[in-house]
Amino acid sequence: MTQETKPAFSYPVRVGHISANPVSVHLSANEAERRALAALWKVNEVGSLVADLQIGRWKKDGVKIKGEVRAELVQSCVVTLDAVEAEIVEPVEAIFVPEGSRLARQADNDGGEMILDPGGPDIPDTFSGDTIDVGVVVSEHVALAIDPYPRKEGVVFGERIESTAADDKRPNPFAVLKDLKKD
């Protein structure tokens, strides 16, 4: 989770201050952050971004973030380019462990192949230093939930000019030779 530039939505949490009992955190993006997120996500507007989270220790040295994020967006319809409002409500669950932690290693079998369970939990993310940016976690969950092809309700693609079966017929490479044979 290293960032070279300042993130659009940031809420740094010092890992040393996190207790075993989860703490409730309410995050809300201000106007400048919403404009920066709109530019980052390539949407017309971010009307709101709110997250209610529980942040607590996980195992010995990890951090668990769990909760829900809600966002209201305005995007452009892919058919008409009209404004399309979207509401996103997504669960957030992320686990972070320090770099080099044995908990961050992926299990493998004797052949060196990684064992992945598509329905199972994700391996924990790693962090360096003593801070985790919870705002980045929230914005990533919203970004993954954004519809990449928003469409205004009731709008469908109209008639399209398609090629005909004759246009799609492949030319015969021997047709040129046929004319030479007549001479």
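Which residues form a nonpolar patch on the surface of the protein? The patch consists of Val-78, Tyr-149 and Phe-157, and together these residues have about 340 Å² of accessible area. One of them, Phe-157, is located in the loop between helix 2 and helix 3 (165-168). Phe-157 counts as partly exposed because its relative accessibility is 47%, and partly exposed residues fall between the limits of 20% and 50%. The structure described in this report is a predicted model.

## Overall organisation

The protein contains four helices and seven strands. Read from the N terminus, these elements follow the order β-β-α-β-β-β-β-β-α-α-α. Of the 183 residues in the protein, 30% are buried. The accessible surface amounts to about 13000 Å², and carbon and sulfur atoms account for 51% of that area. Among contacts with a separation of 6 or more, 65% are made by residues 24 or more positions apart.

## The nonpolar core

The interior can be described through its largest nonpolar core, which has 32 residues. Within this core, Trp-41, Leu-49, Ile-65 and Val-138 have the most contacts. Two or more residues of the core come from each of the following elements: strand 2 (23-28), helix 1 (31-41), strand 3 (45-58), strand 4 (62-76), strand 5 (83-98) and helix 2 (134-145).

Leu-49 shows how such a residue is surrounded. When its neighbours within four places in sequence are left aside, Leu-49 is in contact with several residues, including Phe-9, Leu-27, Leu-37, Trp-41, Val-69, Val-138 and Val-142. Its contacts also include Ser-28, Arg-34 and Arg-70.

## Strand pairing and turns

Strand 4 and strand 5 run antiparallel and are joined by 14 bridges. Within this pairing, Arg-70 has Val-89 of strand 5 as its bridge partner. The two strands form a hairpin, with six residues between them. Strand 5 also pairs with strand 6 (residues 125-127), but here the strands run parallel and three bridges join them. In this second pairing, Pro-98 stands opposite Phe-127 of strand 6. A general rule helps in viewing such elements: in a regular strand, side chains alternate between the two faces of the sheet.

Which loop holds Leu-81? Leu-81 is found in the loop between strand 4 and strand 5, in the turn of the hairpin. The phi of Leu-81 is positive, at about 65°, although the residue is not a glycine. Leu-81 is exposed because its relative accessible area is 65%. Lys-59 also has a positive phi, near 55°, and is a residue other than glycine. Lys-59 belongs to the loop between strand 3 and strand 4, and its relative accessibility of 58% means that it counts as exposed.

## Salt bridges

How many salt bridges does the structure hold? There are six salt bridges in the structure. Three of them are set out in the table below.

| Salt bridge | N to O distance |
|---|---|
| Asp-130 and Arg-14 | 2.6 Å |
| Asp-52 and Arg-70 | 2.9 Å |
| Lys-64 and Glu-93 | 3.5 Å |

The closest N and O atoms of Asp-130 and Arg-14 are 2.6 Å apart. Asp-130 lies in the loop between strand 6 and strand 7 (131-133), while Arg-14 lies in strand 1 (residues 12-14), so this salt bridge ties together parts that are 116 residues apart in sequence. Asp-130 is partly exposed, with a relative accessible area of 36%, and Arg-14 is partly exposed as well, at 44%.

The salt bridge between Asp-52 and Arg-70 has an N to O distance of 2.9 Å. It links distant parts of the chain, since Asp-52 is in strand 3 and Arg-70 is in strand 4, 18 residues apart. Asp-52 is partly exposed, with a relative accessible area of 33%, and Arg-70 also counts as partly exposed, at 29% relative accessibility. These two residues belong to a network of salt bridges that links Asp-52, Glu-68 and Arg-70.

Lys-64 and Glu-93 form a salt bridge in which the closest N and O atoms are 3.5 Å apart. Lys-64 is in strand 4 and Glu-93 is in strand 5, 29 residues apart, and the pair links distant parts of the chain. Lys-64 counts as partly exposed at 25% relative accessibility, and Glu-93 counts as partly exposed at 45%.

Conventions: Residues are numbered from 1 along each chain as its sequence is written. This is a predicted model: local features need pLDDT of at least 70, side-chain atom pairs count only at pLDDT 80 or more; totals for chains, interfaces and linings use all residues. Side-chain values use heavy atoms; hydrogens and water are left out. A nonpolar core is a set of buried Ala, Val, Leu, Ile, Met, Phe, Trp, Tyr and Cys residues joined through side-chain atoms within 4.5 Å. Buried means under 20% relative accessible area, exposed over 50%, partly exposed in between (1.4 Å probe, protein chains only). Contact means heavy atoms within 4.5 Å. Patches are made of residues with over 30% relative accessible area and no salt bridge: like charges are joined within 9 Å, nonpolar side chains (Val, Leu, Ile, Met, Phe, Trp, Tyr) within 5 Å. Accessible areas come from the Shrake-Rupley method with a 1.4 Å probe; for residues, only the protein chains shown count as cover. A salt bridge is a side-chain nitrogen of Lys or Arg within 4 Å of a carboxyl oxygen of Asp or Glu. Two strands pair if DSSP finds at least two bridges between them.
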